[in-house]
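Q: Please take a close look at one strand in this model. I would like to know how its residues are placed and what it pairs with.

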Amino acid sequence: MAQPDSKKIFFENLSGAGKAIAVLTSGGDAQGMNAAVRAVVRMGLYVGAKVYFIHEGYQGMVDGGENIKEATWESVSSMLQVGGTVIGSARCKEFRSHEGRLKAAHNLVQQGITNLCVIGGDGSLTGANLFREEWSGLLGELVEQGLIEADAVQKYSALHIVGMVGSIDNDFCGTDMTIGTDSALHRIIEVVDAIMTTAQSHQRTFVLEVMGRHCGYLALVSALACGADWVLIPEMPPEDGWEDKMCQKLSANRAGMKRLNIIIVAEGAIDRSNRHITTDYIKDLVVKCLGFDTRVTILGHVQRGGTPSAFDRILASRMGVEAVLALLETTANTPACVVSLCGNQSVRLPLMECVQMTQEVQRAMDGKRFEEAVKLRGRSFENNLRTYKLLAHRKPESELPISNFNVAVLNVGAPAAGMNAAVRSAVRVGISEGHKMFAVSDGFEGFYKGQIKEIKWADVGGWTGQGGSLLGTKRTLPAKHVDKIAEQMRKHNINALLIVGGFEAFESLLQLYEARATFEEFCIPMCMLPATISNNVPGTDLSIGADTALNAIVETCDRIKQSASGTKRRVFIIETMGGYCGYLASVGGLAAGADAAYIFEEPFDIRDLQANVEHLTEKMKTSIQRGLVLRNENSNENYTTDFIYQLYSEEGKGVFDSRKNVLGHMQQGGAPSPFDRNFGTKISAKAMQWVTKKLVETFRQGRVFANTEDSCCLLGMRRRALVFQPVVQLKDETDFVHRIPKEQWWLKLRPLMKILAKYKTSYDVSDSGQLEHVVRNRPKELDASVAM
């Protein structure tokens, strides 16, 4: 791993000594809140601060006493995988009054607390900001009443606030994702997938109500993730006469041999006259107009429950650490901030700017300015809505543009969950753009053998939720067969190519680019979408399929750790896939609460292994009963999983025993996660629009001719932006021997895992930005909102 740049700041300069930080959860609970609490507590203790729990939210702050307790390292053990919030949450009327806030200020001063980390929604964060603004006045009143000494006013002169948004609705402006949203989507998609099997058996229509009283994010994204026939959300009520259009759509889908219909309704769905649209109204409408057997399912609080997803655990852990750093750096003049996610980066935004924009959305909806409401929700929401409309509603043939272009799509490399969603999206967007779409079976092996056929709109129905690769995929590279592939491209008049796959797909695209010198058939627009569980493709921070694999790892680790509860102390050694890329081991380790993760990118020796054993031995002597160690399959050819298991077994004798587990191909299987379905769907739609643009640009004298570097690209997410990058320019960024990028962003998360496991280490805070401002409309080229 590259040595830290001397310009980078490390938080050894930021001491928490003498500071007291309190953490509370307020308002509705959300999965992942516990991961955020754990990160705040452990990071706070790590930097030398005292950390306190405030139980039962603002009610506990007002009541004081036993509700405000000092936290220890061990007090947050085993809470990472628990849903809800273990420190409790309550809505508190008393805190809304001046007297209630005066009591709360008194209770905080008694403990010397002047730093608050609030995890909740916009109401909770607004209350925290008001409390901060009133703080000096409240202390003055407490002195007048003789409840605190006069010197306490000077000593505790400023209250510092940092917020994290915990809300399953994702209704807070300024962040791409709130803590709990991804887990809620998991619950919804699990139910929808289960319902689809029974609906198909009986040819039924199901109307599902999901949460979202004022925000339709869950309804919209789950509709996108399961390919629902119709979705109703509060931000964009349907046009008058929508009932007839919906029934026509359902009827047309049935006529097209589809055996089921899914309609998803946000609980706050309204029509253009602000009248509530209920699930029963829709059911009665379908039965009356179409006579379809129709059932209603209201998901309710199922969406709030269950274990947090890998995404929410990582998001909450990153935000918790960032919140502590923000509190350490704050001054009396620093405005209250909220830690947000922008693309793949943690950012700090002024709390009240975000709250005001969130409130603007509701005002726009109340004023029937629905287009404005969608824009204010942010580019992520707008992009979701646009993509759903593009994929769900097929234009009549007469309205389609006629392009006369043929576009082929194929999968290359190992299967990854979400590949099918990407192919479905490409096919439907391509058809909407007027292209004729061709599917290639079994990658380049199928290509040179001529396994190519036209694929229609209806052919990809129901593909979104399917795991693996329905087209078939092989690792075969094209170099040995370029002549036969060129012949097939000539035969089918292929004008553009979309490749969905991993490192082999990247190598294939490079080979096709080089083959342009010999075969003009490859002088066409070519684009690659990264899809691999290993997340080892250069030019992108994230790959389709990696999130599903992470969830498989985390779920298995949870079960393995639980198997040791109530038994003697035990350490589990778990081997993950990934080739030479340590992404799954490192990020999976962070999400599962691992004590160590051995990877190729960070060389280790016997002394490191010994130090880890000793560290675990010390921890096991306290109340901690279980240890978790992850090892990437190719991390070291000599220090194998068996070797590490035997070492831990021998050195841990008398303190703990060891077990090992090789996860294998279970990481590659299963239904894709909501994240992978949507990531695949949206980047594929964006890629097809790029293909159309390039086809138009390069069409000359009756044929397509594209031989420039920028006509052969990989579409990847880089920090906050989605970028089309010429593959030839990515060669210098790639270690071809080990099939990994030379620089990998997630290596910066490794110290975070070590800190939360009680290791002393350096943490690079150069990415912890200064306070930014809420951006209302980001330029399109910087739109990283496809992250979800």
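A: In this predicted model, strand β1 has buried residues on both of its faces. Ala-20, Ala-22 and Leu-24 lie on one side, while Ile-21, Val-23 and Thr-25 lie on the other. This split follows a general pattern: side chains in a regular strand alternate between the two faces of the sheet.

The strand runs over residues 20-25. Buried here means under 20% relative accessible area. Six of the six residues of β1 meet that cut-off, so the strand is largely enclosed by the rest of the structure.

Next come the pairing partners. One of them is strand β2, residues 50-54, which pairs with β1 in the parallel sense over four bridges. Within this pairing, Val-23 of β1 has Phe-53 of β2 as its bridge partner. Val-23 is also one of the buried residues named above.

The path from β1 to β2 involves a helix. Together with helix α1, residues 33-46, the two strands make a β-α-β unit, and this unit is right-handed.

Strand β4, residues 115-120, also pairs with β1. This pairing is parallel too and has five bridges. Here the bridge partner of Ala-22 is Leu-116 in β4. Ala-22 and Val-23, the residues used as examples for the two pairings, are on opposite sides of β1.

To put the parts together: β1 has parallel pairings with β2 and with β4, and its residues are buried on both faces.

Note on methods:
Residues are numbered from 1 along each chain as its sequence is written. This is a predicted model: local features need pLDDT of at least 70, side-chain atom pairs count only at pLDDT 80 or more; totals for chains, interfaces and linings use all residues. Side-chain values use heavy atoms; hydrogens and water are left out. Buried means under 20% relative accessible area, exposed over 50%, partly exposed in between (1.4 Å probe, protein chains only). Two strands pair if DSSP finds at least two bridges between them. A crossover is right-handed if, with the strands pointing away from the viewer, the path from the first strand over the helix to the second runs clockwise.
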